[in-house]
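Work through the exercises below with the sequence and the 3D structure at hand. Each one sets a task and then solves it step by step.

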There are 2 protein chains.
Amino acid sequence: MLPVITISREFGSGGHSIGKAVAEKLGIPFYDSEIVEHVASESGFAKDFIEEKGEYASRLSQLFGGPLRATPEGNEQDKIYKIQAEIIKKVAHEGPCVIVGRCADYILEEEDLNVMNVFIHAAEPFRKKRIMLRYGQNGIEIEERLKQKDKRRKTYYRFYTDRQWGDYHNYQLNLDSGYLGEDYCVELICKTAEKMSK
Amino acid sequence: MLPVITISREFGSGGHSIGKAVAEKLGIPFYDSEIVEHVASESGFAKDFIEEKGEYASRLSQLFGGPLRATPEGNEQDKIYKIQAEIIKKVAHEGPCVIVGRCADYILEEEDLNVMNVFIHAAEPFRKKRIMLRYGQNGIEIEERLKQKDKRRKTYYRFYTDRQWGDYHNYQLNLDSGYLGEDYCVELICKTAEKMSK
């Protein structure tokens, strides 16, 4: 049986597209914003709100460096985290799949499952160019967006896992999509997942 | 043409053996302690001394956290670093090869070369077991050795590069040899090197 594949990624590295292509190629479910739907139906929160709070540290707590829990926003974020974690465990136990972001590598660590954690990153020029092509924004906005998104993902991950986002200890495969190319990353992850089938 | 492959590795992860097997499979030169020979002939220092000072921060400066340069030992370490860096650049320009450790990823960064930086790591139980099998030491010694070796490599790397050892930004391929297995790591690196030929 194929492993459950979690994908963490720097913003603009193509991690989402790579994960989607891996899932399609292997014929297994893909979960990214799909998880939001489940969380919405279980929590009653709006999808946009979950999308934002389910992977990014809120701006306020990040700016002041205080614990997220000290604000009502933090309490809601905690609630979303818990529901999301339960959903991630549930889908992972249903069978092999690809899960993007949301601390899935940490959440599944203690589960009795074959999990392969992948981290995708790329040099800044590559990521800027990719975002330009996809979203057509100007240079300054992109730079700011890159920094903010990664910082908030990092802070979110740190808060809930007490680990460092991107730390090599937590990933079995850590790939530079800028150097390797998206297609080859897909090929490499699929091949490795097949190899690691148990 | 194949890229120059640098391999950084946690102690006990099998990085040396993996690098050697990659070089053999690709039919390109392999440099690990081989570099020591060159440094010895150019510096006049003894091989053991270079082996120690060419990749590990000296114990004294590490313990007190002071700069390596403040001691005569530090000055010698600097001299070895410089000669070693020149040798690494020289062999890399001669053609595709595998270079293990010695900040080669950093040293070659500004060179006009196709360089693929690989980092090999593994969970502690795997590394302990591997060292036991190879060196037959007892559990306590191994634990201490693992910590010391990695700490001194990390400190050495930090001192000369001002970067963090193992930081994903600096590697195109970061592999968990404990999960993936040594043979598959070799296969993966060879396949990727061939793919990245220019």
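Which residues lie nearest the centre of the second largest pocket, and how many residues line it?

**Exercise 1. Describe the second largest pocket.**

Step 1. The model is predicted, so local features need pLDDT of at least 70 and side-chain atom pairs count only at pLDDT 80 or more, while totals for chains, interfaces and linings use all residues. Residues are numbered from 1 along each chain as its sequence is written, chains are lettered from A and ligands numbered from 1 in the order in which they are written, and side-chain values use heavy atoms, with hydrogens and water left out.

Step 2. The lining of the second largest pocket consists of 21 residues, and A:Arg9, A:Phe11, A:His16, A:Tyr135 and A:Arg153 lie nearest the centre. Two or more lining residues come from each of helix H1 (15–26), helix H7 (124–135) and helix H8 (139–161) of chain A. H7(A) has the largest share, four residues. Helices (H or I, at least four residues) and strands (E, at least two) are DSSP runs, numbered from the N terminus.

Step 3. A pocket is an open set of points on a 1 Å grid over the protein atoms alone, where a 1.4 Å probe fits, with protein on both sides within 12 Å along at least five of seven lines; lining residues have an atom within 4 Å of a point. The volume is the space filled by probe spheres set on the points, which are joined across faces, edges and corners. For this pocket that space is about 340 Å³.

Step 4. Sorted by class, the lining has four nonpolar, seven polar and ten charged residues. Here Ala, Val, Leu, Ile, Met, Phe, Trp, Tyr, Cys and Pro count as nonpolar, Asp, Glu, Lys and Arg as charged, and the others, Gly among them, as polar.

**Exercise 2. Do the same for the largest pocket.**

Step 1. The largest pocket holds about 490 Å³ of space.

Step 2. Its lining has 26 residues, and those nearest the centre are B:Arg9, B:Phe11, B:Tyr56, B:Lys149 and B:Arg153.

Step 3. In chain B, helix H1 (15–26), helix H3 (47–53), helix H7 (124–135) and helix H8 (139–161) each supply at least two lining residues. H8(B) gives the most, with five.

Step 4. The classes are four nonpolar, eight polar and 14 charged residues.

**Exercise 3. Find the centre of the largest nonpolar core, and list the contacts of one of its residues.**

Step 1. A nonpolar core is a set of buried Ala, Val, Leu, Ile, Met, Phe, Trp, Tyr and Cys residues joined through side-chain atoms within 4.5 Å. Buried means under 20% relative accessible area, exposed over 50%, and partly exposed in between (1.4 Å probe, protein chains only).

Step 2. The largest such core has 51 residues, and A:Ile5, A:Ile189 and B:Ile189 have the most contacts inside it.

Step 3. Contact means heavy atoms within 4.5 Å. With neighbours within four places in sequence left aside, B:Ile189 is in contact with B:Ile5, B:Ile18, B:Val22, B:Met116, B:Val118, B:Ile120, B:Leu173 and B:Leu175.

Step 4. In soluble globular proteins, nonpolar side chains tend to be buried together.

**Exercise 4. Is A:Thr192 buried or exposed, and what does A:Thr192 touch?**

Step 1. A:Thr192 is in helix H10 (residues 182–195) of chain A.

Step 2. A:Thr192 counts as buried because its relative accessibility is 0%.

Step 3. Residues up to four places away in sequence are not counted; A:Thr192 then touches A:Met116, A:Leu173, B:Leu180, B:Tyr184 and B:Leu188.

Step 4. The side chain of A:Thr192 also reaches the backbone oxygen of A:Leu188 at 2.7 Å.

**Exercise 5. Compare the settings of A:Cys103 and A:Asp162.**

Step 1. Most residues other than glycine have a negative phi. Phi of A:Cys103 is near 60°, a positive value, and phi of A:Asp162 is also positive, near 60°.

Step 2. A:Cys103 lies in the loop between strand S3 (98–100) and helix H6 (104–107) of chain A, whereas A:Asp162 is in the loop between H8 and strand S5 (173–176) of chain A.

Step 3. A:Cys103 is buried, with a relative accessible area of 4%. A:Asp162 is exposed, with a relative accessible area of 64%.

Conventions:
Polar contact = N/O pair within 3.5 Å; in protein donor to acceptor, adjacent residues only side chain to side chain.
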